[in-house]
Amino acid sequence: MIRGVLLKGYGGFYYVYAEDRVWECSLRGRFRVKDQEFIPGDRVKILPDQENKATIEEVEPRRNVLSRPAVANVDQAILVFALTSPKPDQNLLDRLLVQVTEGGIEPILVFTKLDKFKKAVLTNEEGADSIGDVYRNIGYTVFEVSNETGQGIEELGARISNKISVLAGPSGVGKSSLFNALSPGKNLKTGDISIKSKRGRHTTRHVELMVCAGGLVADTPGFSSLSMPIMKRLELTDYFPEIASRRSQCRFNSCLHDKEPNCAIKAALEKGEIYPKRYEHYLIFLQEVMEAERKF
Ligand SMILES: Nc1nc2c(ncn2[C@@H]2O[C@H](COP(=O)(O)OP(=O)(O)O)[C@@H](O)[C@H]2O)c(=O)[nH]1
Ligand SMILES: [Mg+2]
Ligand SMILES: [Zn+2]
């Protein structure tokens, strides 16, 4: 038997990537009886039959599962935003960072269209850090790339090989272009926003993993907003590294870093050690988390 990864299910068959090629697989009868649902990313053992055909004999337990789109065993989420056109939506970016890390998945930030935006993106006043530096300083892994000139693509490719990744980010930022830049020769449609939006959100069902830069990558359709995961209000700081590292210095253990006295986070904010936008988003998300808490 050969170990492989399920890329997609389509038309009653499952397509499995193993030993550098794609196998068209059917299921063993016992799997059908169990009505087990297989999703891209599932690690399977297949028994080759003829040519490129095989049967799935075993499925390994999942390490994690991402929903919307459903992908199993995700090693990392590549959050894609453009440096310009469209301007990066930092609320959405911070929201995705919370969601992804809450799901136990490592985020990688990729800012595209570097060719269009050679100068640093100023966050506040002149001389402020570029958006890439903002997130690098907090401790995230950041790449700035151009899908046009290929700048930064090789370095990102090295981070993708031998891993299962999902691409997420709003539409128009260059996710499909990034996929193409990472795997020249296999063209994914780019810039087809009008065609895509006709099919709308239902395209999420057809998520598939594709071989890209020596790894497996799922290109997800664009989205514009997402709600906070259900959690306790005090847990939100777990997903803001710059708050998590300072919260033990607050006067109260239960400090929410909002209106409490002697708050180390507010002190750091005043000293310019925490980015105001990040803190602003923390407060917005805190409100959402508390509202969801009340409903339970
Ligand atoms: N100048 C420039 N244009 C880009 C870059 N990446 C994508 N684009 C353009 O941005 C538009 C949207 O790209 P697409 O890959 O379809 O975005 P998606 O909706 O995230 O998949 C297309 O017209 C691309 O040609 C880049 O790095 N530089
Ligand atoms: Mg696309
Ligand atoms: Zn505090």
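This report covers a six-stranded sheet, a helix lying across it and a zinc site in a predicted model.

## Basis

Residues count from 1 along each chain as written, chains are lettered from A and ligands numbered from 1 in written order. In this predicted model local features need pLDDT of at least 70, side-chain atom pairs count only at pLDDT 80 or more, and totals for chains, interfaces and linings use all residues, while side-chain values use heavy atoms, without hydrogens and water.

## The sheet

Six strands form an open, mixed sheet, ordered E10-E9-E8-E11-E13-E12. Strands are DSSP runs (E, at least two residues), helices likewise (H or I, at least four), numbered from the N terminus. Pairing takes at least two DSSP bridges. E10 (141–144) and E12 (209–212) are the edges; each has a single partner strand, so one side of each lacks a neighbour in the sheet.

E12 pairs antiparallel with E13 (residues 215–219) over four bridges. Leucine 209 stands opposite alanine 218 in E13.

## The helix across it

Helix H5 (residues 175–182) lies across E8, E9, E11, E12 and E13. Contact means heavy atoms within 4.5 Å. H5 runs at about 40° to E12. Axes are lines fitted to C-alpha atoms, for helices over the stretch in contact; angles run from 0 to 180 degrees between N-to-C directions.

## The zinc site

Cys250 (SG), Cys255 (SG), His257 (ND1) and Cys263 (SG) coordinate the zinc ion (ligand 3) at 2.1 to 2.4 Å. Donors are N, O and S atoms within 2.8 Å of the metal (3.2 Å for Na, K and Ca); water is not among the atoms, so sites may look incomplete. The donor spacing is C-x4-C-x1-H-x5-C.

Cysteine 250 and cysteine 263 are both buried (under 20% relative accessible area, 1.4 Å probe, protein chains only).

Notes: Buried < 20%, exposed > 50% of the residue type's maximum accessible area, 1.4 Å probe, protein only.
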